[in-house]
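I opened this model to look up a few things in turn: surface, helix geometry, charged contacts and cysteines. My notes follow in that order.

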Amino acid sequence: MTLIAFNSPAGNGRYATKSSWVRRGPVHLGTTRRRQGRILTGAGLALLPWLGYLAGTLPPAEAAAWVVLDALEAAALLAAGTRLLRADPRHRAPAAAAAVLLLADACIDLATAAPGAEFATAVAMAVAAELPLAALCAALAARPARATQGTGAGSGWGAGTRTRSVSGSGT
């Protein structure tokens, strides 16, 4: 069911194929998009050594849960970041997943932290890393799609995705 939601057909009833969303020619990214892609990719890569640290320092039952959660975060961040760097319009789904996972991670960290230094560390991680990244991912996931350039009217990713508004006048 989730795959259908992430890969729904465009308004013209056809699924986007790789040839329909690949832009022809060089990809020109703005500095903001490039920076956002690098931030997400860097955060995903930074989580990889953290997974080893968690696996080696936590009790096995806790390590399994935290490693899986952080591995899912890393995968979503890397997918969203690399797709954003390639100007691939399919960066929205992994960005949305990363936002939800990061928010859940921050909430669980705060809820399970012991009072004192552990709680202060959880607050610092939430405020400095997890919540800003979740906000960035949510903003990227909610950003409207732009039509592709150079493929002609009515073709490409996002073609035919506009819907007609229904008014009471019968038009």
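I looked first for nonpolar surface and found a patch of about 310 Å² made by Leu 110, Phe 119, Val 123 and Val 127. For patches I took residues with over 30% relative accessible area and no salt bridge, joining like charges within 9 Å and nonpolar side chains (Val, Leu, Ile, Met, Phe, Trp, Tyr) within 5 Å; accessible areas come from the Shrake-Rupley method with a 1.4 Å probe, and for residues only the protein chains shown count as cover. I note that this is a predicted model, in which local features need pLDDT of at least 70 and side-chain atom pairs count only at pLDDT 80 or more, while totals for chains, interfaces and linings use all residues. Residues are numbered from 1 along each chain as its sequence is written, and side-chain values use heavy atoms, with hydrogens and water left out.

Which element gives the largest share of the patch? I found that helix α6 (residues 117-142) does, with 3 residues; helices here are DSSP runs (H or I, at least four residues; strands are E, at least two), numbered from the N terminus. Val 127 lies in α6 and is exposed, at 57% relative accessible area, where exposed means over 50%, buried under 20% and partly exposed in between (1.4 Å probe, protein chains only).

I then listed the buried residues of α6, which are Ala 122, Ala 126, Glu 130, Leu 133, Ala 134, Leu 136, Cys 137 and Leu 140. As a reminder to myself, an α-helix has 3.6 residues a turn, so residues three or four places apart point the same way.

I checked the length of α6 as well: its 26 residues should span 38 Å (1.5 Å times one less than the number of residues), and the end C-alpha atoms are 36 Å apart, which agrees. The helix bends by about 45° at Ala 126, the bend being the angle between axes fitted to the seven residues ending there and the seven starting there.

Turning to charges, I counted 2 salt bridges, each a side-chain nitrogen of Lys or Arg within 4 Å of a carboxyl oxygen of Asp or Glu. Asp 88 pairs with Arg 86 at 3.5 Å, N to O, and with Arg 90 at 3.1 Å between the closest N and O atoms. These shared partners join Arg 86, Asp 88 and Arg 90 into one network. Asp 88 is buried at 2%, whereas Arg 86 is partly exposed at 48% and Arg 90 is partly exposed at 31%.

Last, I searched the whole structure for disulfides (cysteine sulfur atoms within 2.5 Å) and found 0. Cys 107 is partly exposed at 46%, while Cys 137 is buried at 0%.
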